[in-house]
Amino acid sequence: MGIHTSLETLMKGERRDPVMEIEQAVANRALILRLSGELDLKTAPSFKETVLQALGAARLHDLVVNLSAVTFVDSSGIGVLLGSYKELQRGGGQVVLVAPQPHVRTVLELAGLARLMPFVTTEAEALELVAAGRRQANA
C-alpha cells in the first residue's frame, strides 16, 4: 500500500523538488558560501552560477563552502565543486570544505575530493587555511 501511495503521489506531481539555499559572505578576501538542502542535478546549476558570478564580481580567488546543512550530494554537485576547484587553482586560489555531515563527507571522500580540497570543522579554520596559503604563495 505504501509504495502504491508514493508512486501515485509522484505521478500526480505532488513531490517537492529539492531545494538548496545559498547564503553568501566575504571575509579575508575569500568567498564564503553556506549551503543548505540538497546539492544535486536540480540545484547544482544555480550553485555553479552563484560561484561564478560572485567570484567574478568581487575578484576573489578563494572559496569556502560550508556544507554543514547539506543533506544530500550527487555527482552533479561533486562536478560543480571540482569545476570550482580547477578554476580557482589556475589563479592560485583554493577551495576549502567546511563541516559536511558524515554521509555527505563519505560521498565526497569516495569521489576523491579529500585529496584535492581540505575538509575543516569551522569557517574560522577555513579562513586561516586560505590566509596561510596566500602568505605561502606570496613568499
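Two residues are in contact when heavy atoms of each lie within 4.5 Å. That cut-off is used below wherever one part of the chain is said to cover or touch another. The model is a predicted one.

The protein chain has 5 helices and 5 strands. Along the sequence they follow the pattern α-β-β-α-β-α-β-α-β-α. Of its 139 residues, 39% count as buried. The accessible surface comes to about 8,200 Å², and carbon and sulfur atoms hold 54% of this. Contacts between residues at least 6 apart in sequence can be sorted by separation: 67% of them join residues at least 24 apart.

Helix α3 is a convenient place to start. It covers residues 75-90, which makes 16 residues, and spans 22 Å from its first C-alpha to its last, close to the 22 Å expected at 1.5 Å a residue. Its buried residues are Gly 77, Ile 78, Val 80, Leu 81, Ser 84, Tyr 85 and Leu 88. Seen down the axis of α3, these buried residues fall within an arc of 160°, so they line one face of the helix. The cover over them includes β2 (30-39), α2 (44-58), β3 (62-73), β4 (95-98) and α4 (102-110). On the other side of α3, Ser 75 and Arg 90 are exposed.

The ends of α3 can be described one at a time. At the N-terminal end, Asp 74 acts as a cap: a side-chain oxygen of Asp 74 lies 2.9 Å from the backbone nitrogen of Ser 76. At the other end, Arg 90 is still part of helix α3. Arg 90 counts as exposed because its relative accessibility is 64%, where the cut-off for exposed is over 50%. The side chain of Arg 90 makes a polar contact of 2.9 Å with that of Glu 87. Arg 90 and His 61 are 29 residues apart in sequence, and their C-alpha atoms are 9.6 Å apart in space. After α3 comes Gly 92, with a positive phi near 85°.

From the buried face of α3 the description moves to the nonpolar core. The largest nonpolar core has 28 residues, of which Leu 35, Leu 39, Phe 47, Val 65, Leu 81, Leu 97 and Leu 108 touch the most other members. Two or more residues of this core come from each of β2, α2, β3, α3, β4 and α4. Leu 81, which is among the buried residues of α3, touches Leu 39, Phe 47, Val 65, Leu 97, Leu 108, Leu 113 and Met 117, leaving aside residues up to four places away in sequence. Another core, of 9 residues, lies apart from the largest one; among its members are Val 120, Ala 126, Leu 127 and Val 130.

Ala 126, Leu 127 and Val 130 lead to helix α5, where they are among the buried residues. Helix α5 runs over residues 123-138 and has 16 residues; from its first C-alpha to its last it reaches 23 Å, close to the 22 Å expected at 1.5 Å a residue. Its buried set consists of Glu 123, Ala 126, Leu 127, Val 130, Ala 131 and Arg 134. Down the axis of α5 these residues fall within an arc of 135°, so they too line one face of their helix. That face packs against β1 (20-27), β2, β3, β4 and β5 (119-120). Glu 128, Arg 135 and Gln 136 are exposed on the other side of α5.

The loops remain. Thr 43 sits in the loop between β2 and α2. Thr 43 is buried because its relative accessible area is 5%, and buried means under 20%. Its side chain reaches the backbone nitrogen of Asp 40 at 2.9 Å.

Two further loop residues are noted for their backbone angles. Most residues other than glycine have a negative phi. Arg 29, in the loop between β1 and β2, has a positive phi near 60°. With a relative accessibility of 55%, Arg 29 counts as exposed. Ala 99, in the loop between β4 and α4, also has a positive phi, near 50°. Ala 99 is partly exposed, with a relative accessible area of 26%.

Key: Residues numbered from 1 in each chain as written. Predicted model: local features only at pLDDT ≥ 70, side-chain atom pairs only at ≥ 80, totals over all residues. Heavy atoms only, no water. Helix = DSSP H or I, 4+ residues; strand = E, 2+ residues; numbered from the N terminus. Expected span 1.5 Å × (residues − 1). Buried < 20%, exposed > 50% of the residue type's maximum accessible area, 1.4 Å probe, protein only. Arc of directions from axis to C-beta. Polar contact = N/O pair within 3.5 Å; in protein donor to acceptor, adjacent residues only side chain to side chain. Areas by Shrake-Rupley, 256 points an atom, 1.4 Å probe, with all protein chains shown as cover. Core = buried A, V, L, I, M, F, W, Y, C linked by side-chain atoms within 4.5 Å.
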